[in-house]
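Student: Hey, got a minute to walk through this one with me? I'd like to get my bearings before going back to the bench.

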Amino acid sequence: MFENPSLITRLAVGKIIGVLFGLVGFVFLPYFYPESDWLLRWGILLWYTTLGAIIGVFGVFTYHPILKLPFPWWFRAPLLGAWMNFVLTFFAFDTMQAVLISAFGDNNTFHSPFWFTLEGAIIGLIMGYFATRLGGEGVKTVEH
């Protein structure tokens with residue numbers, strides 16, 4: 001199954017890893033942030049599943065056409081993960097800040113919700129590694 005590069009395999013691997021990280025958030029969020037509601041928990045689960053799908057799909061692009069530079073997986077995946085978590089933090093700043101303050105306290109280095117951007121980069125790197133390792137990358141993933 002993993003011998004030939006495949007976009008479907010990349011998508012599946014990215015989504016499976018996303019579901020795993022999302023489940024960690026879904027299960028452990030009430031311990032770190034007792035005020036969390038079901039909507040936030042489901043949002044985290046679905047967010048990381050979607051992030052895995054995005055990283056899986058973007059594995060087709062190995063070259064940046066405007067900058068005319070290679071776009072390797074170890075740059076592309078963390079960039080996408082960081083960007084997506086930055087957008088999440090940007091739109092849900094107060095909630096994400098409340099989660100971190102509840103988990104680490106107010107007088108800590110980790111009180112800024114933009115730490116989720118670094119978390120997204122790390123999770124993106126993990127997703128990108130396994131998606132590339134198991135599903136390949138580049139145009140050969142969509143060739144028949």
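Student: Okay, where is isoleucine 122?

Tutor: Isoleucine 122 sits in helix 5. Keep in mind that this is a predicted model.

Student: Got it. What patch on the surface does Ile122 belong to?

Tutor: A nonpolar one: Ile122 joins Phe104, Phe110, Trp115, Leu118, Ile126, Tyr129 and Phe130 there. Together they have about 710 Å² of accessible area.

Student: And which helix gives the most to the nonpolar patch?

Tutor: Helix 5 does, with 6 residues.

Student: Switching to packing: how do the axes of helix 1 and helix 5 cross?

Tutor: Helix 1 covers residues 7–32 and helix 5 covers residues 115–135; their axes come within 8 Å and cross at roughly 145 degrees.

Student: Left-handed or right-handed?

Tutor: The crossing of those two helices is right-handed.

Student: Which residues make the contact?

Tutor: From helix 1, Thr9, Arg10, Val13, Gly14, Ile17, Gly18 and Phe21. Helix 5 brings Ile123, Ile126, Met127, Phe130, Ala131, Thr132, Leu134 and Gly135. Ile126 and Phe130 are also listed in the nonpolar patch.

Student: How does that contact split by class?

Tutor: There are 9 nonpolar, 5 polar and 1 charged residues in it.

Student: New topic. How many salt bridges are there?

Tutor: The count comes to 1 salt bridge. The side chains of arginine 76 and glutamate 137 meet at 3.0 Å, N to O.

Student: Where are those two in the chain?

Tutor: Arginine 76 is in helix 3 (residues 73–91), and glutamate 137 is in the segment after helix 5. They're 61 residues apart, so the pair links distant parts of the chain.

Note on methods. Residues are numbered from 1 along each chain as its sequence is written. This is a predicted model: local features need pLDDT of at least 70, side-chain atom pairs count only at pLDDT 80 or more; totals for chains, interfaces and linings use all residues. Side-chain values use heavy atoms; hydrogens and water are left out. Axes are lines fitted to C-alpha atoms, for helices over the stretch in contact, and angles run from 0 to 180 degrees between N-to-C directions. Helices (H or I, at least four residues) and strands (E, at least two) are DSSP runs, numbered from the N terminus. A crossing is left-handed if the near helix is turned anticlockwise from the far one by less than a right angle, and right-handed if clockwise. Contact means heavy atoms within 4.5 Å. Ala, Val, Leu, Ile, Met, Phe, Trp, Tyr, Cys and Pro count as nonpolar, Asp, Glu, Lys and Arg as charged, and the others, Gly among them, as polar. Patches are made of residues with over 30% relative accessible area and no salt bridge: like charges are joined within 9 Å, nonpolar side chains (Val, Leu, Ile, Met, Phe, Trp, Tyr) within 5 Å. Accessible areas come from the Shrake-Rupley method with a 1.4 Å probe; for residues, only the protein chains shown count as cover. A salt bridge is a side-chain nitrogen of Lys or Arg within 4 Å of a carboxyl oxygen of Asp or Glu.
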